[in-house]
Amino acid sequence: MSQASLRTPPKSRSDLLNAEQAMAALRSAVPALLFGLRLWASVCLALYIAFWLQLDNAYWAGASAAAVCQPSLGASLRKAWFRMIGTAVGAVAIVVLTSFFVQDRLGFLFGLALWGAVCGFVATLLRNFASYGAALAGITAAIIASDEVGAVGGANGDVLILAITRATEICIGIICAGVVLAGTDFGGARHRLAVQLATIASEITGRLTGTLLLAGPEQSRTRLVRRDFIRRVAALDPVIDEALGDSSDLRPHSPVLQAAIGGLFAALSGWRAAAFHLDFLRDKGQRETDIVLEYIPPELCSVPVHGDAANWVADPSTWRKTCTSAIRSLTTLPADTPSLRLLADRTAEGLIGIKRALDGLMLLVDPARNPPRSRSVWFSVADPLPAFVNAARIFVTVGAVELFWIATAWPSGAQALVFAAIGVILFSPRASQAYSNSISYMIGAGLAVALAAIVKFAVLPGLTTFEGLSLAIGLVLVPTGMLMVLRKTPTFMAMAVIFLPLVAPANTASYDTQQFYNSALAVVAGVGAAALAFRLLPQLSPALQVRRLLTLTVRDLRGLTCGSIVWTPHGWERRIYARLSAMPEQAEPLQRAQLLAALSVGTEAIRLRRLARRFDAEIELDSALEAVTLGESGVAIERFGRLDRMLATAPSTRPEGRLRLRARGSVLAVSEALARHAAYFDLGAA
């Protein structure tokens with residue numbers, strides 16, 4: 001056999017590998033190209049309508065269309081809705097502000113900076129696209145103010161007309177983007193959420209039932225897996241927001257989807273308590289696990305630990321019925337020891353959480369079925385400090401740009417103010433990523449300046465029709481849209497949004513180079529001022545955020561145990577779920593587990609207060625909870641043991657005996673959590 005023939009197979013394998021890589025690149029490029037075309041079509045439609053209506057600054061319509069466009073249909077529509085709300089609120093705010101400071105320049109500018117700070121504060125407290133809407137209220141006010149004020153920042157009496165005009169331009173862009181995207185993209189956020197929800201729920205179920213099959217010492221292996229689930233569950237929140245934008249029928253039932261996330265957190269809490277208890281029992285828990293497994297249907301015991309998303313998505317109602325049957329069996333299980341009662345109740349608690357997740361899954365895959373009713377989702381603040389820090393930074397930044405503008409009488413100072421407000425308000429809610437995102441945005445602004453100069457002075461002078469204008473801006477927008485999909489950084493979003501205001505297409509074309517470079521300098525200076533603000537007044541570090549969330553939770557738990565704050569189980573869960581969701585990505589698994597332990601201790605304490613009244617054990621319970629309040633876990637465990645012995649020796653009727661065992665199970669769960677995380681629960685103790 002010749003040497004040439006020997007070399008042929010490796011060459012063929014190399015060619016095959018290259019062909020596969022080319023096909024993979026092509027598959028990823030096609031959706032990116034489609035989005036680039038949608039972005040271009042949205043901007044062109046917005047410009048056409050704005051030109052037809054002969055609006056003053058038609059480019060704001062195009063820029064708004066570009067800002068709203070997202071690779072996901074649900075994200076685009078949800079963003080459009082909140083952008084429209086933010087635009088209306090910002091327009092009303094600037095009109096009211098002007099009415100108070102018509103002849104007071106400093107008062108007007110102070111009020112504008114204060115309004116931006118308030119919007120940034122609210123944007124930090126809110127999540128996802130609601131946060132974006134709050135940010136837009138401040139940005140819209142700055143945009144209208146930039147047209148209203150004079151060269152040195154004085155208000156005039158045309159604010160109402162300007163507010164209506166700018167709000168109209170922005171809303172035209174929002175509507176045009178929504179129409180184009182809804183007409184060309186059928187969306188997939190609903191299915192994506194269903195698959196993710198089914199995957200996580202089925203994996204937790206498989207791990208929960210699998211925990212009952214593990215020997216005590218092997219329970220430690222599940223900790224890292226369980227802690228990673230906390231991060232994955234928290235990441236579902238923005239996907240829910242996209243699904244709400246994707247499917248209008250889901251919006252009235254959004255509490256069901258939020259309750260599904262809460263259910264997954266509750267399932268993790270129940271799983272954690274069961275695993276901790278078996279770990280404490282070591283090899284002595286075989287009898288309890290065998291009994292509990294007898295009361296769980298075989299279908300749940302056979303769920304693989306890596307999940308079974310396909311079956312759960314195909315028939316969530318059957319799985320819900322199976323969970324309901326298991327919950328009923330476990331809660332009525334005739335336990336004879338607190339250990340067995342604890343294990344059965346915590347397993348049931350985990351399955352109750354899975355059942356709530358299945359309610360959300362049923363809503364997603366079977367909209368014709370009447371969704372179960374769920375509690376309203378109330379707003380809860382994880383930590384107010386980042387919001388105050390962001391508000392202070394926004395106020396200082398906007399105020400500094402205003403003072404520089406007044407001092408220099410810079411003709412483009414108003415435009416610099418707009419882009420400084422955009423940068424510092426828009427990126428403030430992004431925590432530790434704010435500075436890097438603002439730098440990326442500034443790089444995108446510089447690229448947009450270069451591209452706008454080429455198009456405005458080298459391409460557009462030779463074109464006289466709207467079709468020619470559309471093709472010219474398409475040479476920039478289509479590739480930029482593709483890069484927004486392939487490289488998810490603020491750089492390309494900045495290019496798409498800032499490009500149009502710099503080109504400034506109008507019914508009567510103008511090619512004033514001095515005005516262009518003044519505007520370009522204002523844009524870059526404004527965005528640069530925002531980046532500098534994040535550098536000089538940085539966000540709270542992830543480590544500090546984590547420490548604060550843990551410390552605030554301990555403080556709230558001590559308020560609960562001493563009785564100074566009256567918590568309901570739902571209110572306590574809502575508070576801890578908010579903090580679990582607010583945990584930075586850099587948080588360690590142990591720190592997430594400590595929050596979950598605090599959730600369990602607080603819930604059990606609320607339950608014990610209710611049960612203690614029935615058994616005249618309030619004095620003993622208060623004594624144990626007082627030790628928790630003082631940060632003395634060792635003393636608390638001893639006093640909970642005393643409470644358990646009192647409950648064990650008291651005579652009772654049969655129904656009372658079941659409740660007494662349940663109370664002893666709660667005592668056992670609290671004691672085990674305190675023993676496992678004593679260093680955390682004793683945090684800051686004198």
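**Helix packing, buried residues and salt bridges in an all-chain view**

Leaving out neighbours within four places in sequence, Ser-64 is in contact with Arg-83, Ile-170, Gly-173 and Ile-174. The residue belongs to helix H2, which spans residues 59-68. With a relative accessible area of 1%, Ser-64 is buried, because buried residues are those under 20%. These values, like those that follow, come from a predicted model.

The protein chain contains 28 helices and 0 strands. Of its 686 residues, 54% are buried. The accessible surface of the chain amounts to about 29400 Å², and carbon and sulfur atoms account for 62% of that area. Among contacts between residues at least 6 apart in sequence, 81% join residues at least 24 apart.

A nonpolar patch on the surface is formed by Val-30, Leu-33, Leu-34 and Leu-37. Together, these four residues have about 310 Å² of accessible area. Leu-37 is found in helix H1, which covers residues 3-52. The relative accessible area of Leu-37 is 37%, so this residue is classed as partly exposed, a term for values between 20% and 50%.

Helix H10 was examined against two other helices. The first pairing is with helix H23: H10 comprises residues 254-281 and H23 residues 569-582, and the two pack at an angle of about 90° with their axes 11 Å apart. H10 and H23 are therefore roughly perpendicular to each other, as angles of 65 to 115 degrees are classed in this way. On the H10 side the contact is made by Gly-262, Phe-265 and Ala-266, and on the H23 side by Tyr-577, Leu-580 and Ser-581.

The other pairing is with helix H24. The axes of H10 and H24 come within 10 Å and cross at roughly 85°. This pair is therefore also roughly perpendicular. Here Phe-265, Leu-268, Ser-269 and Arg-272 of H10 meet Leu-596, Ala-597, Leu-599 and Ser-600 of H24. Phe-265 of H10 thus takes part in the contact with H23 and in that with H24.

Ala-598 also lies in H24, a helix made up of residues 589-612. At 1% relative accessibility, Ala-598 counts as buried. Apart from residues up to four places away in sequence, Ala-598 touches Thr-553, Leu-557, Trp-572, Tyr-680 and Phe-681. One of these, Trp-572, is 26 residues from Ala-598 in sequence, and the C-alpha atoms of the two are 9.9 Å apart in space.

Side chains of opposite charge can pair when their charged atoms come close. The count of salt bridges comes to 20. In one of them the side chains of Glu-242 and Arg-192 meet, with an N to O distance of 2.6 Å. This pair links distant parts of the chain, 50 residues apart: Glu-242 is in helix H9 (residues 236-246) and Arg-192 in helix H7 (residues 189-211). The partners fall into separate accessibility classes: Glu-242, at 19% relative accessibility, counts as buried, whereas Arg-192, with a relative accessible area of 33%, is partly exposed.

A salt bridge also connects Asp-556 and Arg-579, whose closest N and O atoms are 2.8 Å apart. Asp-556 lies in helix H22 (residues 542-562) and Arg-579 in helix H23, so the pair ties together parts that are 23 residues apart in sequence. Asp-556 is buried, with a relative accessible area of 4%, and Arg-579 is buried at 2%.

Salt bridges that share partners join Arg-346, Glu-349, Glu-604 and Arg-607 into one network. Within this network, the side chains of Glu-349 and Arg-346 meet in a salt bridge at 3.9 Å, N to O. Both residues lie in helix H15 (residues 338-365), 3 residues apart, which is about one turn of the helix. Glu-349 and Arg-346 are both buried.

Notes
Residues are numbered from 1 along each chain as its sequence is written. This is a predicted model: local features need pLDDT of at least 70, side-chain atom pairs count only at pLDDT 80 or more; totals for chains, interfaces and linings use all residues. Side-chain values use heavy atoms; hydrogens and water are left out. Helices (H or I, at least four residues) and strands (E, at least two) are DSSP runs, numbered from the N terminus. Buried means under 20% relative accessible area, exposed over 50%, partly exposed in between (1.4 Å probe, protein chains only). Contact means heavy atoms within 4.5 Å. Patches are made of residues with over 30% relative accessible area and no salt bridge: like charges are joined within 9 Å, nonpolar side chains (Val, Leu, Ile, Met, Phe, Trp, Tyr) within 5 Å. Accessible areas come from the Shrake-Rupley method with a 1.4 Å probe; for residues, only the protein chains shown count as cover. Axes are lines fitted to C-alpha atoms, for helices over the stretch in contact, and angles run from 0 to 180 degrees between N-to-C directions. Angles under 35 degrees count as roughly parallel, over 145 as roughly antiparallel, 65 to 115 as roughly perpendicular and the rest as oblique.
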